[in-house]
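Visitor: I am new to reading protein structures. Could you walk me through some of the words people use for them?

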Amino acid sequence: MATNRHARKSARILNEAVEIPASDQGSGSDDEEEEGSLTVEAPASDDDEDEDDEEGEAWETESFFRDALGDGSAPVVFEPHEDAFSVEEAADFRALLRRVGEQRFLDQTVRNNAVKAKKLITAFGIRPPEFMEGADDTAYYAFLQIGIARELVKRNKLPQYNTLKDVAKLLHQSKNIIVLTGAGISTSLGIPDFRSKGTGLYSRLASLGLSDPQEVFDLGVFNDDPTIFYSVAKDILPTTDKFSPTHAFIELLQHKGKLLTQYTQNIDNLETRAGIRPDKLIQCHGSFATASCVKCKRRVPGETIFPDLRAGKVARCDACIKTVAEAKKAAGKKRKRGKSGDTWRKKRYSEDSSAEEEEFEIREAGVMKPDITFFGEMLPDTFYKRLLELDRDKCDLLICIGTSLKVAPVSEIIGLLPPDVPQIYISKTPVTHVEFDIDFLGSCDDVVVELCRLVGWELKHEMIPEVLKLETVLAEGFKSRYICTRREPKESS
């Protein structure tokens, strides 16, 4: 079971990096689709190795994968002795990709053997792992797919947007704003984010002894052992109906008829508490609002299992429990109706066998799982349908708030929008793997108050002090990055 868990986890590392809708692939025949894809054959395993060796190798391989892939946030510098393309050559290959599209790029490079995949991945900042030395070139196709996917979601800053006046003008003029939010918009309410060092949920989960805290949200791990998730669920279960000033700002955009859609990665369901209408909200990773049985799929209001979540007790499906009880009762009645004699024995054997088979199938009631999206689950269909069929062409401004943009495919919204759509980023810390037009660094709640001040809007919320003085200054060395901090009022003498 542990080995399977490692395999699922290693697969997730690759899937998170490459899971993006292809922009230039049609829905042709099976043969055309096969020709347009890069397939990878996994190396054969040695059946004679014991389980410990397999697990050790799995973790070592995963470590090498992480080292090779990185997170795309920092440039990879290749040493002179490495068989890698120069900076200029790499730039030419990336430009070719954007000019001709993915399929023609592959046709002109690896498919006609003009360049080996092992070397081509260096043009996308990926270093060939040492443990793959001597492998067939097709083994590097997965890395090439990752490099291509990362490149195609990058965007260039729009040079005309830099100043605070530009921000005010954008807010005034925009009528179809997409707001992409992460955990940072709820931290002021005491709800932890995921990745902050020391205070983030993943840091707090380190005491569980898991090799990777993200296993808590791995679907395979949940199916194997739901007690792991239930032991920490109370730490992420919403404990308040309050919403933050940032939530209120997004509702203000809705009230003014400017909100196209809010795409939230949060599972606390506070957007609905703030008044965001269902037709304006895409909960990309689901929420605790509902829960479903993993066996019979029955869905119930989330509050139904809240007591079990808070107690760290695995919640079971009431419908399954009822079915089990009825099956046992029916099986008992069949036994009582029998008569003596060989005919009775034959009939009893048949009926009892049937009852036992039915009882075996539903012997244990299904586990209730909150309807949040785990690693290994697809995002809801509404995510892609809404983004690709409606919002992408209508959006005239993107505001990204409180997210590190580390989780695909939600993070890829940035690159899926038309390149001429201005983008604003708001968070405590900057991101380096995405280039926004204007950045605001500081508390999300403070920044949205500043945005409302710039545009002349009144933002009302109980958490906003009556006297709040903010200082917004241009960050040193930047022309469109601002640092927003509170200025404590001077004490009167």
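Guide: Gladly! Let us begin with "contact", which means heavy atoms within 4.5 Å. Keep in mind that this is a predicted model.

Visitor: What does Ser 427 touch, leaving out residues up to four places away in sequence?

Guide: Ser 427 touches Gly 402, Thr 403, Phe 440, Leu 441, Gly 442 and Cys 444. Ser 427 itself is found in strand E8 (residues 423-427).

Visitor: Why does Ser 427 count as buried?

Guide: Buried means under 20% relative accessible area. Ser 427 has 10% relative accessibility, so Ser 427 counts as buried.

Visitor: Phe 440 was among those neighbours. What makes the pair of Phe 440 and Tyr 482 stacked?

Guide: Planes under 30 degrees apart count as stacked, for rings whose centres lie within 6.5 Å. Phe 440 and Tyr 482 are 5.7 Å apart centre to centre, with 25° between the planes, so the pair is stacked. Phe 440 lies in strand E9 (residues 438-441) and Tyr 482 in strand E11 (residues 481-487), so this pair ties together parts that are 42 residues apart in sequence. Both Phe 440 and Tyr 482 are buried.

Visitor: And why is the pair of Phe 217 and Phe 229 called edge-to-face?

Guide: A search of the whole structure finds 12 aromatic pairs. In the pair of Phe 217 and Phe 229, the centres are 6.3 Å apart and the planes are at 70°. Planes over 60 degrees apart count as edge-to-face, so that name fits this pair. Ring pairs also link Phe 217, Phe 222, Phe 229, Tyr 230 and Phe 374 into a cluster.

Visitor: How do you know that Phe 217 is buried?

Guide: Phe 217 has a relative accessible area of 6%, and the cut-off is under 20%, so Phe 217 is buried. Phe 229, at 1% relative accessibility, counts as buried too.

Visitor: What makes us say that Lys 119 sits over the ring of Phe 85?

Guide: The charged end of Lys 119 is 4.7 Å from the centre of that ring. The distance limit is 6 Å, and the charge must also be within 35 degrees of the ring normal. Arg 481 likewise lies over the face of Phe 478, at 4.2 Å from the ring centre.

Visitor: Last one: why is helix H4 called roughly perpendicular to H7?

Guide: The axes of helix H4 (residues 87-100) and helix H7 (residues 141-152) come within 11 Å and cross at roughly 70°. Angles of 65 to 115 degrees count as roughly perpendicular, so the term fits H4 and H7. Arg 94, Leu 97 and Arg 98 in H4 meet Ile 148, Glu 151 and Leu 152 in H7. These contact residues divide into three nonpolar, no polar and three charged.

How values were computed:
Residues are numbered from 1 along each chain as its sequence is written. This is a predicted model: local features need pLDDT of at least 70, side-chain atom pairs count only at pLDDT 80 or more; totals for chains, interfaces and linings use all residues. Side-chain values use heavy atoms; hydrogens and water are left out. Rings of Phe, Tyr and Trp (its six-membered ring) pair if their centres lie within 6.5 Å; planes under 30 degrees apart count as stacked, over 60 as edge-to-face and the rest as tilted. Buried means under 20% relative accessible area, exposed over 50%, partly exposed in between (1.4 Å probe, protein chains only). Helices (H or I, at least four residues) and strands (E, at least two) are DSSP runs, numbered from the N terminus. Axes are lines fitted to C-alpha atoms, for helices over the stretch in contact, and angles run from 0 to 180 degrees between N-to-C directions. Angles under 35 degrees count as roughly parallel, over 145 as roughly antiparallel, 65 to 115 as roughly perpendicular and the rest as oblique. Ala, Val, Leu, Ile, Met, Phe, Trp, Tyr, Cys and Pro count as nonpolar, Asp, Glu, Lys and Arg as charged, and the others, Gly among them, as polar.
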